[in-house]
Amino acid sequence: AAPAQPTQANSSCLHTPGQESPQQRDRSVAALAAARAINTAQSKFAALNGGKYGRREDLTPHLDAARYNLLEGADIAPGFTLTLDAAGKIYWFLIKDKTDPCGFSYISNQDGLIFVAQPIR
């Protein structure tokens with residue numbers, strides 16, 4: 001199989017700094033709020049469970065269920081999917097825009113810092 005071709009920088013990227021439409025900006029802000037909420041929920045869960053972090057189902061009581069859907073396959077924010085892995089005293093997650101051809105994402109872990117990520121172009 002041929003290696004995947006890198007995404008080219010072009011106007012089809014939905015979250016290019018300074019070029020994001022108001023609608024796309026609202027979506028990315030909602031996804032960032034979800035990332036912050038997950039980090040907060042993980043902190044609350046760990047405080048109650050000896051420093052161990054939770055899986056999706058463990059975090060539900062610590063999040064606003066009307067605002068954030070943690071079910072596998074559901075959007076955590078409009079058009080954004082959540083990948084989450086927790087193992088003891090570590091966790092990481094990725095919130096990725098499934099509509100952005102450039103792969104815009106937020107990534108975080110137990111350190112609580114949130115990073116913006118895109119494939120190298």
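A salt bridge is taken here as a side-chain nitrogen of Lys or Arg lying within 4 Å of a carboxyl oxygen of Asp or Glu. In the predicted model, R55, E57 and D58 are joined by such contacts into a network. Within this network, the closest N and O atoms of R55 and E57 are 2.9 Å apart, while the side chains of R55 and D58 meet at an N to O distance of 3.3 Å. R55 has a relative accessibility of 46% and is therefore classed as partly exposed. E57, at 47% relative accessibility, likewise counts as partly exposed.

Across the whole structure, the search identified six salt bridges. One of them pairs D97 with R27, with an N to O distance of 2.8 Å. Because D97 belongs to strand β3 (residues 90-97) and R27 to helix α1 (residues 22-48), this pair ties together parts of the chain that are 70 residues apart in sequence. Both partners, D97 and R27, are buried.

Aromatic contacts were examined next. The structure contains three aromatic pairs. In one of these, formed by Y91 and F93, the ring centres are separated by 6.3 Å and the planes meet at 5°, so the arrangement is stacked. Y91 and F93 are each buried. A further pair consists of F104 and Y106, whose ring centres lie 5.1 Å apart; with an angle of 85° between the planes, the geometry is therefore edge-to-face. F104 and Y106 are also both buried. Y91 and F93, together with Y53, make up one aromatic cluster.

At the surface, a nonpolar patch is formed by I107, L113 and F115, which together present about 280 Å² of accessible area. Within this patch, L113 is located in the loop that connects β4 (105-109) and β5 (114-117). The relative accessibility of L113 is 51%, and exposure is assigned above 50%, so this residue counts as exposed.

Taken together, the side chains described here fall into several settings. The salt bridge between D97 and R27 involves two buried residues, whereas R55 and E57, which are linked with D58 in a network, are partly exposed. The stacked rings of Y91 and F93 are buried, as are the edge-to-face rings of F104 and Y106. By contrast, L113 is exposed and contributes to the nonpolar surface patch with I107 and F115.

How values were computed: Residues numbered from 1 in each chain as written. Predicted model: local features only at pLDDT ≥ 70, side-chain atom pairs only at ≥ 80, totals over all residues. Heavy atoms only, no water. Patch = residues over 30% accessible without salt bridge, like charges linked within 9 Å, V, L, I, M, F, W, Y side chains within 5 Å. Areas by Shrake-Rupley, 256 points an atom, 1.4 Å probe, with all protein chains shown as cover. Helix = DSSP H or I, 4+ residues; strand = E, 2+ residues; numbered from the N terminus. Buried < 20%, exposed > 50% of the residue type's maximum accessible area, 1.4 Å probe, protein only. Phe/Tyr/Trp six-rings, centres within 6.5 Å; stacked < 30°, edge-to-face > 60°.
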